[in-house]
Amino acid sequence: MRHAKRVDANQDAIVATLRAAGAYVWIISLPVDLLVGYKGHTFLVEIKTDAKKRLTTLQRDFFESWGGGTLARVDSPDAALRMIGVIK
């Protein structure tokens with residue numbers, strides 16, 4: 001039996017902030033938390049509650065192997081806005 005994936009406490013705030021900025025956000029959970037589209041760019045996003053939180057083995061392997069568009073790790077709404085270039 002599979003257990004529900006635990007959602008990071010800051011995910012709702014990050015998703016709401018990205019959507020308010022005009023991004024299209026799809027919660028995908030695996031291999032990372034979000035698929036984000038903004039102004040013709042695609043971002044794959046892993047959310048962590050803080051910068052020190054470790055990636056799972058699956059996430060680490062994905063980060064090391066990914067050869068596509070932007071792959072980012074964010075821990076706050078401001079980090080998400082920096083990722084899409086809304087703030088510096």
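**Chatting through strands, helices and loops**

Reader: Where does Tyr24 sit?
Author: Tyr24 is in strand S1, residues 24–27. Strands (E, at least two residues) and helices (H or I, at least four) are DSSP runs, numbered from the N terminus. Residues are numbered from 1 along each chain as its sequence is written. This is a predicted model, where local features need pLDDT of at least 70, side-chain atom pairs count only at pLDDT 80 or more, and totals for chains, interfaces and linings use all residues, while side-chain values use heavy atoms, leaving out hydrogens and water.

Reader: Cool, so is Tyr24 buried or exposed?
Author: Tyr24 counts as exposed because its relative accessibility is 53%. The cut-offs are under 20% relative accessible area for buried, over 50% for exposed, and partly exposed in between (1.4 Å probe, protein chains only).

Reader: Which residues make a nonpolar patch with Tyr24?
Author: Trp26 and Leu35 join Tyr24 in a surface patch with about 340 Å² of accessible area together. Patch members have over 30% relative accessible area and no salt bridge, with nonpolar side chains (Val, Leu, Ile, Met, Phe, Trp, Tyr) joined within 5 Å and like charges within 9 Å. The areas come from the Shrake-Rupley method with a 1.4 Å probe, and for residues only the protein chains shown count as cover.

Reader: You said salt bridge. How many are there?
Author: The count is one salt bridge, meaning a side-chain nitrogen of Lys or Arg within 4 Å of a carboxyl oxygen of Asp or Glu. Lys48 pairs with Glu46, and their closest N and O atoms are 3.6 Å apart.

Reader: Are Lys48 and Glu46 buried or exposed?
Author: Lys48 is buried at 7% relative accessible area, and Glu46 is buried too, at 1%.

Reader: New topic: what's the angle between H1 and H3?
Author: The axes of H1 (residues 11–20) and H3 (residues 77–84) cross at roughly 40° and come within 8 Å. Axes are lines fitted to C-alpha atoms, for helices over the stretch in contact, with angles from 0 to 180 degrees between N-to-C directions.

Reader: So what do you call that arrangement?
Author: H1 and H3 are therefore oblique to each other. Under 35 degrees is roughly parallel, over 145 roughly antiparallel, 65 to 115 roughly perpendicular, and the rest oblique.

Reader: Anything odd in the loops? What about Pro31?
Author: The peptide bond from Leu30 to Pro31 is cis, with omega near 0°. Pro31 is in the loop between S1 and strand S2 (34–38). Ser29 lies in the loop between S1 and S2, and has a positive phi, near 70°, though Ser29 isn't glycine.
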